[in-house]
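Ready for some practice in reading a protein structure? Take a look at the sequence and the model, then try each exercise before you read its solution.

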Amino acid sequence: IWEHRVQVLVAEAGPRPDGTIGLRRSRFGDAGQYFYPASTVKLCAAVAALVELNARNRRDGTAWGLDTALRIEPRFAGDIAVDSDPTNLAGGALTVGHCLRRIFLVSDNASFNHLYELVGPRRLNEVIWEAGFTSLRLHHRLADPRPAAEHRQTRPVVLRAGAQTARVTHPDSTLPLVNDLWTELEVGTARLEDGRRVEGPLSFAMKNAIRLEDLQDLLLAVVRPEIATGKRGFPELGLAQRQFLLQAMGELPRESRNPGYDPAQFPDDHVKYALPGVARVIPPAHLRLYSKVGCAYGHTIENAWIEDTRTGRGFGFAAVVYTNPDGVMNDDDYAYATLAYPFIADVAEVVTRAVLGP
């Protein structure tokens with residue numbers, strides 16, 4: 001268990017004597033042992049983008065929102081401007097709302113990176129810290145390898161909504177980020193660098209990080225904001241914005257009309273790793289998972305609110321497992337399909353039977 005860096009958090013909501021809704025959490029694993037959060041941090045960018053647009057609207061009297069079109073301007077060598085999205089069937093524009101939907105429906109990396117440019121790395125961290133989730137350390141974009149200095153810089157972003165336009169730029173981030181909350185920051189026994197094997201582990205001292213409890217509470221702050229987690233959360237999100245996020249987080253790819261996805265390429269469990277296990281307990285027709293998963297560098301993470309729509313009963317489920325049979329990092333041989341996904345599904349089944357079963 002230790003070598004697989006397993007952590008599991010189960011969050012059950014219930015009434016407290018003062019009339020509020022509290023949380024009972026069950027834990028397994030070492031909260032201080034590092035895991036790479038992979039795409040789970042896209043939830044941070046999705047929420048921070050809406051929070052920052054709301055703040056800009058209050059300050060400037062503007063009306064930026066989900067339908068705001070984005071143009072990502074070049075900055076680094078090889079860049080080209082990006083202002084269209086062929087998956088957007090309503091005109092092909094790159095919009096804030098479409099980025100959010102692609103993040104949750106298929107975990108699109110480019111959409112996360114567009115929001116990274118929009119908010120900027122400093123404010124991305126600060127918005128999440130101000131909401132109470134102080135363990136976040138967002139160092140870099142995803143699937144965009146470049147020097148650390150360039151991850152502290154952002155591409156200019158032009159916003160457009162009707163007759164409104166604005167150009168957003170950010171100074172280079174000087175925010176100090178140190179992964180000092182975790183142990184075991186070196187992972188693996190060897191690594192591939194430019195196709196060459198190098199003996200020794202890969203350091204994650206300057207890679208993205210967040211505690212699993214903060215990750216779970218962040219999801220609860222969006223899905224079940226009435227639950228008291230002890231953290232401020234995001235009261236500045238509007239009701240329509242929250243409902244938009246909920247729909248995107250809960251939909252299956254085949255249920256989406258815009259963007260549209262082929263079920264053969266994007267099955268129901270494409271980004272819902274707990275789904276196969278939970279479906280052994282709750283019939284799929286009565287099951288809804290509001291979730292954001294992650295999978296990279298051998299780390300597989302599920303972060304979900306699991307709900308039985310027949311009763312309205314639900315619970316938070318977050319789990320981490322690290323699989324890498326040969327110990328080599330960057331060789332893309334991590335046994336996700338044979339070890340990690342079945343493990344997450346099986347644990348989710350056991351937990352669902354315990355929490356929602358007879």
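Below are four exercises, each with a worked solution.

This is a predicted model, in which local features need pLDDT of at least 70 and side-chain atom pairs count only at pLDDT 80 or more, while totals for chains, interfaces and linings use all residues. Residues are numbered from 1 along each chain as its sequence is written, and side-chain values use heavy atoms, with hydrogens and water left out.

**Exercise 1. Describe the overall build of the chain.**

Step 1: Begin with the secondary structure, which comes to 9 helices and 14 strands. Both are DSSP runs numbered from the N terminus: helices are H or I with at least four residues, strands are E with at least two.

Step 2: Turn to compactness. The radius of gyration is 20 Å, close to the 21 Å from the globule rule for 358 residues, so the chain is as compact as a globular protein of that length. Here the radius is taken over C-alpha atoms, and the rule is 2.2 Å times the number of residues to the power 0.38.

Step 3: Add the dimensions: along the principal axes, the C-alpha atoms fill a box of roughly 55 × 55 × 45 Å.

**Exercise 2. Find out how much of the chain is buried.**

Step 1: Recall the cut-offs for relative accessible area: buried is under 20%, exposed is over 50%, and partly exposed lies in between (1.4 Å probe, protein chains only).

Step 2: Apply them. Of the 358 residues, 56% are buried.

**Exercise 3. Explain why C44 forms no disulfide.**

Step 1: Check the rule: a disulfide is a pair of cysteine sulfur atoms within 2.5 Å.

Step 2: Look for the closest partner. The cysteine sulfur closest to that of C44 belongs to C99 and is 16 Å away, which is too far for a bond.

Step 3: Try C295 as well. C295 is in no disulfide either, and its nearest cysteine sulfur, that of C44, is 18 Å away. The total for the structure is 0 disulfides.

Step 4: Compare the surroundings. C44 is buried, at a relative accessible area of 0%, whereas C295 is partly exposed, at 22%.

**Exercise 4. Place Y341 in the fold.**

Step 1: Locate the residue: Y341 sits in helix α9, which covers residues 336-356.

Step 2: Judge its exposure. With a relative accessible area of 29%, Y341 is partly exposed.

Step 3: List its neighbours. Leaving out residues up to four places away in sequence, Y341 touches Y273, C295, T300 and Y336; contact means heavy atoms within 4.5 Å.

Step 4: Finish with a distance: 11 Å separates the C-alpha atoms of Y341 and Y322, which are 19 residues apart along the chain.
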